[in-house]
Amino acid sequence: MAGREEAAGTGGGDELTLLGVWPSPFVIRARAALNLKGLSYRYVEDDLTSKSDLLLASNPVHRKVPVLLHGSRPVCESRLILEYLDEAFPACGPRLLAGDPYDRATARFWASYVDDKLFSTWIPVYNGRTRDDRAEAARRVVGVLEEFETAFQECSGGGAFFGGDGVGLVDVVLGGFLGWLRASEAMCGVRVVDPATTPLLAAWAGRFGALDGVREVIPGVERLLEYNRMRRALRGLP
């Protein structure tokens with residue numbers, strides 16, 4: 001069951017508050033997890049060009065989103081937020097981490113690989129100076145996603161998701177990037193999630209992106225492209 005997101009200032013959802021910015025894949029994964037677990041929460045859109053006092057007080061070390069406020073206690077960093085939600089609300093929605101220690105370790109490895117390898121490889125698609133630079137970066141992204149094709153076979157056990165028959169940690173962590181991966185083709189002409197090269201991953205992307213609580217928080221391609229154009233103009237990129 002999808003969670004109930006309360007608009008800032010409308011009341012309700014006071015126990016859980018998420019600070020974020022809508023295009024961030026790290027914020028998207030936190031919103032998706034809250035929704036999938038059926039948790040009521042308040043979402044507060046911040047402005048990273050003029051960060052709010054609440055954000056600076058809640059995450060004084062990194063000063064980044066997302067930040068989850070559980071009452072007055074902040075939890076920072078998106079993957080830590082996902083694990084916190086799993087532990088703090090074990091009876092709500094799907095368990096993102098498996099019960100078996102080896103399966104948990106495997107999921108944590110691939111979730112970390114999303115941030116350590118996929119994100120760093122993808123960033124030049126977003127901010128590369130020329131279209132050729134961006135296309136070359138996108139081809140490297142395809143190579144990383146081919147590794148996730150293999151990981152899906154290992155982790156899913158023949159199920160529909162990385163978590164098996166139900167959504168797990170890797171689904172949510174990787175799923176936060178779906179909007180930007182879809183937008184990459186328009187940004188540089190290279191289709192990174194391609195049924196011809198990664199059929200299992202492409203099918204998974206369709207299933208995960210269509211879930212209640214997920215599809216509502218993944219931005220559309222045109223909105224992301226407009227945001228990318230705006231950010232590139234601010235940085236003096238063509």
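Me: Before I look at this predicted model, what is a polar contact within protein, and how many residue pairs make one between domain 1 and domain 2?
Reply: A polar contact is a pair of N or O atoms within 3.5 Å, of which one must be able to donate a hydrogen and the other to accept it. Between domain 1 and domain 2 of this structure, six residue pairs, both members at pLDDT 80 or more, are in polar contact.

Me: Which helices supply the side of domain 1 that touches domain 2?
Reply: Helix H1 (25-36) and helix H3 (78-88) each contribute at least two residues to that side of domain 1, and the largest share, nine residues, comes from H1. Sorted by character, the residues of the side of domain 1 that touches domain 2 are nine nonpolar, two polar and four charged.

Me: Where do the domains lie along the chain, and how much area do they bury between them?
Reply: The domain assignment gives domain 1 as 16-89 and domain 2 as 101-235, with their C-alpha centres 21 Å apart. Between them the two domains bury about 1,800 Å², 70% of it on carbon and sulfur atoms. Of the area that domain 1 buries against domain 2, Trp-22, Leu-36 and Arg-79 supply 34%, more than any other three residues.

Me: How many salt bridges are counted between the domains, and with which residue does Arg-79 form one?
Reply: A salt bridge requires a side-chain nitrogen of Lys or Arg within 4 Å of a carboxyl oxygen of Asp or Glu. The count between domain 1 and domain 2 is three; Arg-79 is paired in a salt bridge with Asp-115, where the closest N and O atoms are 2.7 Å apart.

Conventions:
Residues numbered from 1 in each chain as written. Heavy atoms only, no water. Domains from an automatic or database assignment. Buried area = accessible area lost by both parts, 1.4 Å probe. Polar contact = N/O pair within 3.5 Å; in protein donor to acceptor, adjacent residues only side chain to side chain. Helix = DSSP H or I, 4+ residues; strand = E, 2+ residues; numbered from the N terminus. Nonpolar A, V, L, I, M, F, W, Y, C, P; charged D, E, K, R; others polar.
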